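This report introduces a single protein chain to a reader who has not met it before. The sequence and the model are shown first, and the description follows.

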Amino acid sequence: MTIYNGPPKADVHGREYARIGSLRAGCLVQFDEEHGDCMPDQAVRLVKCDADGELYVECSCGRHLLIDDEGILVGVYRMESKPRAA
Ligand SMILES: [Zn+2]
């Protein structure tokens with residue numbers, strides 16, 4: 001039996017958090033609460049990539065780097081970046 005000691009992979013409702021490895025520039029992510037004064041709750045942002053290859057989103061302080069915990073972005077959800085046209 002393996003015991004997983006890493007960060008939670010989903011929130012209490014079972015909604016899965018984004019994995020840094022599955023994100024790239026152009027993806028849409030949604031934040032939950034308390035990501036700082038620069039980021040409103042439930043904010044949806046477009047992922048961008050800086051010259052060093054670091055992923056970030058724009059926020060009211062400028063760039064908000066996406067910092068993962070063992071590959072998982074706790075409190076950040078991946079959204080469909082290309083919703084199908086109706
Ligand atoms: Zn910020």
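How many bridges join strand 2 to strand 3, and do the two strands run parallel or antiparallel? Strand 2, which covers residues 28-31, is joined to strand 3 by three bridges, and the two run antiparallel. One facing pair across these strands is Val29 with Arg45, the latter in strand 3.

**Overall architecture**

The model is predicted. The chain contains eight strands and zero helices, so its pattern along the sequence is written as β-β-β-β-β-β-β-β. Along the principal axes, the C-alpha atoms fill a box of roughly 40 × 35 × 25 Å. The chain has 86 residues, of which 13% count as buried. Among contacts with a separation of 6 or more, 52% are between residues 24 or more positions apart.

**The two sheets**

Strands of a sheet pair through backbone hydrogen bonds, in either a parallel or an antiparallel manner.

One open sheet consists of three strands in the order 3-2-8, with antiparallel pairing. Its edge strands are strand 3 (44-46) and strand 8 (76-79), each of which pairs on one side only. From one strand to the next, the twist averages 35°.

Another open sheet, also of three strands, has the order 4-5-6, and its pairing is antiparallel. Strand 4 (48-49) and strand 6 (62-65) each have a single partner strand, so one side of each is left without a neighbour in the sheet. Two bridges join strand 4 to strand 5, which spans residues 55-59, and these strands run antiparallel. Across them, Lys48 has Tyr56 of strand 5 as its bridge partner.

**The nonpolar core**

In soluble globular proteins, nonpolar side chains tend to be buried together. In this chain, the largest nonpolar core has ten residues: Tyr17, Ala18, Leu23, Val29, Phe31, Val47, Leu55, Val57, Leu73 and Val76. Strand 2 and strand 5 are the elements that give two or more residues to this core. Val29, named above as standing opposite Arg45, is one of the core residues.

Leu55 also belongs to this core. Apart from its neighbours within four places in sequence, Leu55 is in contact with Leu23, Val47, Cys49 and Leu66. Of these partners, Leu23 and Val47 are listed among the core residues.

**Two loop residues with positive phi**

Most residues other than glycine have a negative phi. Two glutamates of this chain have a positive phi although neither is a glycine, as the table shows.

| Residue | Phi |
|---|---|
| Glu34 | about 60° |
| Glu70 | about 50° |

Where does Glu34 lie? Glu34 is found in the loop between strand 2 and strand 3. Glu34 counts as exposed because it has 9 C-beta neighbours inside 10 Å, and a residue is exposed if it has 12 or fewer. Glu34 and Thr2 are 32 residues apart in sequence, and their C-alpha atoms are 32 Å apart in space.

Where does Glu70 lie? Glu70 is in the loop between strand 6 and strand 7, the latter covering 72-73. Why does Glu70 count as exposed? Glu70 has 12 C-beta neighbours inside 10 Å and therefore counts as exposed, since the cut-off for exposure is 12 or fewer.

Definitions and conventions
Residues are numbered from 1 along each chain as its sequence is written. This is a predicted model: local features need pLDDT of at least 70, side-chain atom pairs count only at pLDDT 80 or more; totals for chains, interfaces and linings use all residues. Helices (H or I, at least four residues) and strands (E, at least two) are DSSP runs, numbered from the N terminus. A residue is buried if 20 or more other C-beta atoms lie within 10 Å of its own, exposed if 12 or fewer, and partly exposed in between; C-beta atoms are placed from the backbone. Two residues are in contact if their C-beta atoms, placed from the backbone, lie within 7 Å. Two strands pair if DSSP finds at least two bridges between them. Axes are lines fitted to C-alpha atoms, for helices over the stretch in contact, and angles run from 0 to 180 degrees between N-to-C directions. A nonpolar core is a set of buried Ala, Val, Leu, Ile, Met, Phe, Trp, Tyr and Cys residues joined through C-beta atoms within 7 Å.
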